[in-house]
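Biologist: Before we look at anything in detail, could you take me through the reading of a protein model, one feature at a time?
Modeller: Gladly; let us put the model in front of us and begin with a helix.

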Amino acid sequence: MENILSGKKVAQKILNRLKLEVTNLKNRNVLPSLNIFMVGKEPASEYYSQNIIKKSKKADIIVNLINLSEDVIEEELITQIEKANLDKDVHGILLQLPLPIHIRADKVIMSINPNKDVDGLHPFNAGKLLLGKDSFIPCTPLAVLELIKFYEIKTDGAKVVILGRSNIVGKPLANLLLQKKMYGNATVTVCHSHTNELKEITKSADILIAAIGKPEFVSEKMVNSDAIIIDVGINKIFDENCERYKFVGDVDYENVREKVKAITPVPGGIGSITTTTLLSNVIKAATFFSIK
Ligand code: NDP
């Protein structure tokens, strides 16, 4: 196995597959389309939306960005989502988070039709994932799974340690790798800010997945030499040497890379795959629609 696990290679392979799937759908007069709902001007959400739009053009998927003002009321956002739920030409709905504090995210998420919930946020999809049923898997855990498949990383019987238990990354990822199926069957440990003796746990991992949002937190002392490291973290820090901002992961890449069997870089790792897995969920939604 290569020492550096490239997310870009994984994304390109998925994109090639998506292009074929879009052609098949078009032959059945289905033009896959996604509505992105964004409230206000949160820079990370804007950046993500622009990336999705750029990537969607390569795959020939229609993306409509609905940018509502910062002070939009909850009911209006829900009304707009319900309109998209009923629109036969809209297959996927993505709600950009976080929302302003006057809007209850849980309530808005509940208003998304689960069959269009391409971010896998709706409790219906989260529950199906837990039960091992076919569902929309949130795009970051799905990106990790795609990387595991691409590099044929053995998860069966492997000791997987996940750092972070968020609803969007850590928890769904733990459920995915626990499933009784191919690229599952792992023994999963999920760690969080209350975990004791963290170093002992991370050191025992065959596969260590970091998703905590703490720049370069995982040091070479926390890993073993046979480990595969998957770094989900994306952190913007100021680089004193170059006097500019740069992105780093949750793993101290330069020092850990030397020690372990394989590692994903940041940038160029999991982050490069997530827009593509989101689009693969849009295709899945459009396919579901076309055979209904
Ligand atoms: P959250 O802030 O929602 O969750 C962070 C998790 O890390 C929490 O469970 C928290 O524990 C845990 N944690 C925090 N500090 C420690 C610590 N010192 N030791 C152990 N666990 C700790 O983050 P997200 O899941 O949303 O994101 C995690 C990272 O992944 C971020 O860097 C984010 O930018 C990145 N990300 C990358 C994506 C991609 O496409 N590549 C997409 C989404 C996120 P507790 O629950 O106890 O608070």
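**Reading the model, feature by feature**

Modeller: We can start from Ile-14, which is found in helix 1, the run of residues 7–27, and I should say at the outset that the model is predicted.

Biologist: Is Ile-14 buried or exposed?

Modeller: Ile-14 has a relative accessible area of 3% and is therefore buried, since buried means under 20%. Leaving out residues up to four places away in sequence, Ile-14 touches Glu-146, Ile-273, Thr-276, Thr-277 and Ser-280.

Biologist: How should I read a distance between two residues, and what separates the C-alpha atoms of Ile-14 and Ser-45?

Modeller: Look at the separation along the chain together with the separation in space: these two residues are 31 residues apart along the chain, and their C-alpha atoms are separated by 23 Å. Ser-45 and Val-10 are 35 residues apart along the chain, and their C-alpha atoms are likewise separated by 23 Å.

Biologist: Where does Ser-45 lie, and which residues is Ser-45 in contact with?

Modeller: Ser-45 lies in helix 2, residues 43–59, and counts as buried at 3% relative accessibility. Once its neighbours within four places in sequence are left aside, Ser-45 is in contact with Met-38, Gln-96 and Leu-97.

Biologist: One of those names brings me to peptide bonds; which bond is cis, with omega near 5°?

Modeller: That is the peptide bond from Leu-97 to Pro-98, and Pro-98 is found in the loop between strand 3 (92–95) and helix 4 (105–110). A cis peptide bond also joins Val-266 and Pro-267, with omega about -5°, and Pro-267 lies in the loop between strand 10 (262–263) and helix 10 (271–291).

Biologist: Staying with backbone angles, what is phi of Glu-152?

Modeller: Phi of Glu-152 is near 50°, a positive value in a residue other than glycine. Glu-152 sits in the loop between helix 6 and strand 4 and is exposed, with a relative accessible area of 62%. Glu-197 can be read in the same steps: its phi is near 50°, again positive in a residue other than glycine, its place is the loop between strand 5 and helix 8 (198–203), and its relative accessible area of 62% makes it exposed.

Biologist: Where is Glu-74, and is Glu-74 buried or exposed?

Modeller: Glu-74 lies in helix 3, residues 74–86, and is buried, with a relative accessible area of 6%. Its side chain is joined to that of Arg-104 by a polar contact of 2.6 Å. Apart from neighbours within four places in sequence, Glu-74 is in contact with His-102, Ile-103, Arg-104, Lys-107 and Val-108.

Biologist: Moving from single residues to a whole element, how many residues of helix 7 are buried?

Modeller: Seven of the nine residues of helix 7 (residues 170–178) are buried, so this helix is largely enclosed by the rest of the structure. The buried ones are Gly-170, Pro-172, Leu-173, Ala-174, Asn-175, Leu-176 and Leu-177. Their cover includes helix 5 (123–131), helix 6 (139–150), strand 4 (159–163), strand 5 (187–191) and strand 6 (207–210).

Biologist: How many disulfides does a search of the whole structure find?

Modeller: A disulfide is a covalent bond between the sulfur atoms of two cysteines. Here the search of the whole structure finds zero disulfides. As for the setting of individual cysteines, Cys-139 counts as buried at 5% relative accessibility, whereas Cys-242 counts as partly exposed at 42%.

Biologist: Last, the ligand: which of the 23 residues around the ligand come nearest?

Modeller: Arg-165, Ser-166, Ser-193, Ile-234 and Thr-274 come nearest. By class, the shell around the ligand has nine nonpolar, 11 polar and three charged residues. For the polar atom pairs, ask which part of the residue is involved: a backbone N or O atom of Val-232 lies 3.4 Å from a nitrogen atom of the ligand, a backbone N or O atom of Ile-234 lies 3.1 Å from an oxygen atom of the ligand, and for Thr-274 a polar side-chain atom lies 3.1 Å from an oxygen atom of the ligand. On its own the ligand has 930 Å² of accessible area, of which the protein covers 70%.

Conventions: Residues are numbered from 1 along each chain as its sequence is written. This is a predicted model: local features need pLDDT of at least 70, side-chain atom pairs count only at pLDDT 80 or more; totals for chains, interfaces and linings use all residues. Side-chain values use heavy atoms; hydrogens and water are left out. A residue is near a molecule or strand if one of its heavy atoms lies within 4 Å of it. A polar contact is a pair of N or O atoms within 3.5 Å; within protein, one must be able to donate a hydrogen and the other to accept it, and residues adjacent in sequence count only if both atoms are side-chain atoms. Accessible areas come from the Shrake-Rupley method with a 1.4 Å probe; for residues, only the protein chains shown count as cover. Ala, Val, Leu, Ile, Met, Phe, Trp, Tyr, Cys and Pro count as nonpolar, Asp, Glu, Lys and Arg as charged, and the others, Gly among them, as polar. Helices (H or I, at least four residues) and strands (E, at least two) are DSSP runs, numbered from the N terminus. Buried means under 20% relative accessible area, exposed over 50%, partly exposed in between (1.4 Å probe, protein chains only). Contact means heavy atoms within 4.5 Å. A disulfide is a pair of cysteine sulfur atoms within 2.5 Å.
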